[in-house]
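Please look at the chain below as a whole before turning to its parts. The explanation after it moves from the overall fold to pairs of helices and then to single residues.

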Amino acid sequence: MTEVASNHQPGNLLDLGAFVGELTVEDDLPSDDISLEGLEQELQDCKTDDVVATILSKGTKLRDYTKDVENNLRQIELDSIEDYIKESDNLVSLHDQIHDCDTILSQMENILSGFQAEIGSISSDIKILQEKSMDMGLKLKNRKAAESKLAKFVEDIIVPPRMIDIVVDGEVSEEYMRTLEILSKKLKFVHVDAMLKTSKALNDVQPELEKLRQKAVSKVFDFMVQKLNALRKPKTNVQILQQSILLKYKYVIQFLKEHGKDVHVDVRAAYIDTMNKVLSTKIRAYIQALEKLQLDIATSNDLIGVDTRSTSLFLRGREPLKNRSAVFALGERINILKEIDESALIPHIAEASSKRHPYEVLFRSLHKLLMDTAASEYLFCDEFFGEQSMFYEIFAGPFSVIEEHLNTILPNCFDAIGLMLMIRIIYQYRLIMSRKRIPCLDSYLDKVNISLWPRFKMVFDMHLNSLRNANVRTLWEDDVHPHYVMRRYAEFTASLIQLNVDYGDGQLELNLERLRMAVDDLLVKLAKLFQKPKLQTVFLINNCDMTIAVLKEAGPEGSKIQMHFEELLKSNTSIYVEELLMEHFSDLIKFVKIRASEDPSSGSSERPISVSEVEPIIKDFGSRWKAAIELMHNDVITSFSNFLCGMEILRAALTQLLLYYTRLSDCMKRIAGGSSLNKDLVSISSIMYEIRKYSRTF
């Protein structure tokens, strides 16, 4: 056994050294039973084994160590047997206890098995109860749904006695409106719900509902006829009646539209006819009242180029003279555009003040009333009837009344400024209606605008032709001050320019340019009738200066035409300055222009300038220059209407005179022996002093 044990530890063969030789291997063992596979690995593992390392370190032989191990094992076995014998009673007791536990566990197993069976039975019962509960819940849900539908059906189809009493015997009021809403729902329910067609309850209820519908439609129709008759009464405030009464009962129109279409058509037609007549009557009466307040501004003879002396005094007797200026000047008439949204005139109050107004004031008042009435009616039709298109049927009459009035007024209107004011009023009212987003007057205002522009163009062309065809001999007056035709033109042009400031109408600007060309031609023709060129020039200067002054008041938009007259004024001023100086200092000016530019020392001139040639001019100037300047001053004062313009011209003339005299002085210095005339020369400072003296008056 020891040998066998030794054979089973091949891991120590190489490391045991000399101990290997002491081992005996049985010769009868066949070499085929011994396998050295893995021997080397086992020997490597033994190197790290603590027990093997200890044995080798002590030098103990393997056989002896094996015997020690076997002896130890045997001893341990004997000790274990002794311990077992000592504990035999405890083991028997332990065995009994285990047996008792096994018995108890067996009983518990039986009990738990019973419990398991009972729990399985309870689970089955619970599942059955759950199925029954779900079935009962579904039945309850179905019954509730059926009850809800049935309750709604009963509620929708039943006709309460209270509703019958209100519809049949009640007065049209807010409660009546609520009852009509309930009746409408029942009528819709009867006609819409397909289930009712197979319902026996329908046969009982439908006749009653039809009777109620007919009664309600009849009562509502009578009510609306009564209210429409109230609109026809004189002095009725239509808008207050609409807003405070009719709108409270707007549901009746919806009820008629849904359940009494024929009656609804009749009510609609009756309302359109009533309002058409009422508004037409009121507007016609308002126009007649306004006509009593009208102030005629212009007639067909009130044209720019017409001679005022040729117009019959009998034709002008119907207007006060203070209103004649309004024919061509805008003046305070422009305030109508600043008061565009003011309330319309109240005729009896305006008539009590005995004040008359230009037609554009009445025109604005009429259209302000129309705009307010139209906006109110348009919104009422939309809210009460739910139709905006009704408005145009209602206002066909009022529009016709106003158009008839305008067709009477416009052919006799020769007030171009008033016509332009009316065009601007229409433009402003279109903007107001656009801001309110109420388009009901768009087509009407366009139509009025289209009728105003041709009339304005015709009257404007009458003014233009009056200038082109003017009789110059008749218009001419032997007076160099501004001509009344030019004043008319200036005021008329400034007025139209002012009315075009915020509008930029290119067509109007083109017409004004045509008018400017015509007045230019007429002005030149009138100037040529003066015998003296100087008077012609003074006439042109006075008229240009007056025109510029008037145009400046029209604002920056007048700059184009204004610049033309400023250029004309500038050129004529230069001409006048030369003419004025030639009148008093002709010899001096001729000499300076012809001879002063020659150089006496060059010898190029055929006749050199001599002292004798210059001396008379210098002495003449020195003897009378102050008196001549005084005469020039008096001439300017009497010739020019505008004092400031005259003094500006005088200063220009004196400045030019100073330039001429300076050139003469310079020329004299270049003449041989010219120094002998120094005593006769007037000093430049003296001339400057005189110029400043007259400038102070300026």
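What follows is a walk through a predicted model, beginning with the chain as a whole.

The secondary structure of the protein chain consists of 27 helices and 0 strands, and of its 698 residues 41% are buried. Among the contacts in the chain with a separation of 6 or more, 80% are made by residues 24 or more positions apart. The accessible surface comes to about 40,200 Å², and carbon and sulfur atoms account for 55% of that surface.

In the interior, the largest nonpolar core has 185 residues, and those with the most contacts inside it are Tyr-271, Leu-441 and Phe-585. The largest share of this core, 14 residues, is supplied by H15. Leu-441 can serve as an entry point, since the residues it touches can be named: leaving out those up to four places away in sequence, they are Leu-370, Met-371, Ala-374, Phe-391, Phe-399 and Met-433.

Helix H15, residues 359–385, packs against helix H17, residues 396–409, at an angle of about 170°, and their axes are 12 Å apart. Because angles over 145 degrees count as roughly antiparallel, H15 and H17 are roughly antiparallel to each other. From H15 the contact draws on Tyr-359, Phe-363, Leu-366, His-367 and Leu-370, while H17 contributes Phe-399, Ile-402, His-405, Leu-406 and Ile-409. Sorted by class, the residues in this contact are 8 nonpolar and 2 polar, with no charged residues. Two of the residues named here, Leu-370 of H15 and Phe-399 of H17, are also among those that Leu-441 touches.

Beyond H17 comes Leu-410, which is found in the loop between H17 and helix H18 (416–436). Is this loop residue buried or exposed? Its relative accessibility is 7%, and Leu-410 therefore counts as buried, the cut-off for that class being under 20%. Apart from neighbours within four places in sequence, Leu-410 is in contact with Leu-419, Ser-451, Leu-452 and Arg-455. Of these, Leu-452 lies 42 residues away along the chain, and the C-alpha atoms of Leu-410 and Leu-452 are separated by 7.8 Å.

A second helix pair is formed by helix H21 (residues 484–498) and helix H22 (residues 506–528), which pack at an angle of about 170° with their axes 11 Å apart. That angle is why H21 is described as roughly antiparallel to H22. On the H21 side the contact is made by Val-485, Met-486, Tyr-489, Phe-492, Thr-493, Leu-496 and Ile-497, and on the H22 side by Leu-508, Leu-512, Leu-515, Arg-516, Val-519, Leu-522 and Leu-523. By class, the contact of H21 with H22 has 12 nonpolar residues, 1 polar and 1 charged.

Two threonines complete the tour. Thr-573 lies in helix H24, which covers residues 559–594, and because its relative accessibility is 16%, Thr-573 counts as buried. When neighbours within four places in sequence are set aside, Thr-573 is in contact with Ile-541 and Ile-649. Thr-638, for its part, is placed in helix H25, residues 611–639. With a relative accessible area of 56%, Thr-638 is exposed, whereas Thr-573 is buried. Thr-638 and Val-480 are 158 residues apart in sequence, and in space they are 9.9 Å apart, C-alpha to C-alpha.

Note on methods. Residues are numbered from 1 along each chain as its sequence is written. This is a predicted model: local features need pLDDT of at least 70, side-chain atom pairs count only at pLDDT 80 or more; totals for chains, interfaces and linings use all residues. Side-chain values use heavy atoms; hydrogens and water are left out. Axes are lines fitted to C-alpha atoms, for helices over the stretch in contact, and angles run from 0 to 180 degrees between N-to-C directions. Helices (H or I, at least four residues) and strands (E, at least two) are DSSP runs, numbered from the N terminus. Angles under 35 degrees count as roughly parallel, over 145 as roughly antiparallel, 65 to 115 as roughly perpendicular and the rest as oblique. Contact means heavy atoms within 4.5 Å. Ala, Val, Leu, Ile, Met, Phe, Trp, Tyr, Cys and Pro count as nonpolar, Asp, Glu, Lys and Arg as charged, and the others, Gly among them, as polar. A nonpolar core is a set of buried Ala, Val, Leu, Ile, Met, Phe, Trp, Tyr and Cys residues joined through side-chain atoms within 4.5 Å. Buried means under 20% relative accessible area, exposed over 50%, partly exposed in between (1.4 Å probe, protein chains only). Accessible areas come from the Shrake-Rupley method with a 1.4 Å probe; for residues, only the protein chains shown count as cover.
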